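Reader: I am in my first year of study and should be grateful for a close look at one loop of this model. Please explain where it lies and then follow its connections into the rest of the chain.

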Amino acid sequence: VALTPSIINFGQVKPGQSVSKTVLVRSSQAFSITDLKSSEDELQSVDKTTGAKPVHQVTLTLKAPDRPGPFHSTLTVKTDVPDEPAAVLKTFATVGP
C-alpha cells in the first residue's frame, strides 16, 4: 500500500484554524481501509471511498492547536491487504499568531 503524498505540510496556520488536504491510498489490488489512526487529536481523517477499491481518497483535517510553534502528527493507515504492514503518513505545520 502506498500513500501519495507520503508527507503532508499544512504550512503556516493560525491557532484554531482548520485546513484540509487529500491523500491517495493505493494498492495493486482492491482493498478496504480497516483503520485510520492519528497520533494527535487535532488531526482527523475520513476515508471518502466506499467499498473495496484499488485507490482510496482520505481527507485529512488539521484543527490547529491553540499553542504556537511546530505541530507534528502521524496518520497510520491499516488495510485488509494480507501480509501488508500499516502505512504511515507524516504531517506537520507551523502554528503562528
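Author: A residue is called buried when its relative accessible area is under 20%, exposed when it is over 50%, and partly exposed in between (1.4 Å probe, protein chains only). By this rule Asp83 is exposed, because its relative accessibility is 83%. The model is predicted: local features need pLDDT of at least 70 and side-chain atom pairs count only at pLDDT 80 or more, while totals for chains, interfaces and linings use all residues. Residues are numbered from 1 along each chain as its sequence is written, and side-chain values use heavy atoms, without hydrogens and water.

The loop that I have chosen contains Asp83 and joins S7 to S8. Strands here are DSSP runs of type E with at least two residues, numbered from the N terminus. S7 covers residues 69-79 and S8 covers residues 87-95. The backbone of Asp83 deserves attention, since its phi is near 60 degrees, a positive value in a residue that is not glycine. Most residues other than glycine have a negative phi.

Asp80 belongs to this loop as well. Its relative accessibility is 42%, so Asp80 counts as partly exposed. Beyond four places in sequence, Asp80 is in contact (heavy atoms within 4.5 Å) with Phe31, Ser32 and Thr34. With Ser32, the side chain of Asp80 comes to 2.9 Å from the backbone nitrogen. A polar contact is a pair of N or O atoms within 3.5 Å; within protein, one must be able to donate a hydrogen and the other to accept it, and residues adjacent in sequence count only if both atoms are side-chain atoms. For a sense of scale, the C-alpha atom of Asp80 is 16 Å from that of Leu24, and these two residues are 56 places apart along the chain.

A further contact leads to strand S3, where Ser27 is placed. Leaving aside neighbours within four places in sequence, Ser27 touches Val1, Pro54 and Val81. Ser27 is buried, because its relative accessible area is 19%.

S3 itself takes part in strand pairing, for which DSSP must find at least two bridges between two strands. S3 and S6 are antiparallel partners with 10 bridges, and one partnership between them is that of Val23 with Val58 in S6. S1, residues 2-4, also runs antiparallel to S3, through 3 bridges. There Thr4 has Leu24 of S3 as its bridge partner. Directly after Thr4 the chain shows a cis peptide bond to Pro5, with omega near -10 degrees. Pro5 is located in the loop between S1 and S2.

The two strands that flank the chosen loop also share a sheet. This open sheet has 4 strands in the order S2-S8-S7-S4, with mixed pairing. S2 and S4 are its edges, each with a single partner strand, so one side of each has no neighbour in the sheet. S2 and S8 run parallel and are joined by 6 bridges; among the partners are Ile7 and Lys90, the latter in S8. In a regular strand the side chains alternate between the two faces of the sheet.

On the edge strand S4 lies Leu36. Leu36 is partly exposed, because its relative accessibility is 22%. Its contacts beyond four places in sequence are Ser45, Val46, Asp47, Val58, Leu75, Thr76 and Val77.

Side chains from several strands meet in a nonpolar core, that is, buried Ala, Val, Leu, Ile, Met, Phe, Trp, Tyr and Cys residues joined through side-chain atoms within 4.5 Å. The largest such core has 22 residues, and Leu75, Val77 and Leu89 are among those with the most contacts inside it. Two or more of its residues come from each of S2, S3, S6, S7 and S8. Leu89 shows how such connections spread: its contacts beyond four places in sequence include Leu3, Ile7, Val23, Leu60 and Leu75.

The other end of S7 brings the account to charged side chains. The structure has 1 salt bridge, meaning a side-chain nitrogen of Lys or Arg within 4 Å of a carboxyl oxygen of Asp or Glu. The partners are Glu42 and Arg67, whose closest N and O atoms are 3.8 Å apart. Glu42 is in the loop between S4 and S5, and Arg67 is in the loop between S6 and S7, 25 residues away along the chain.
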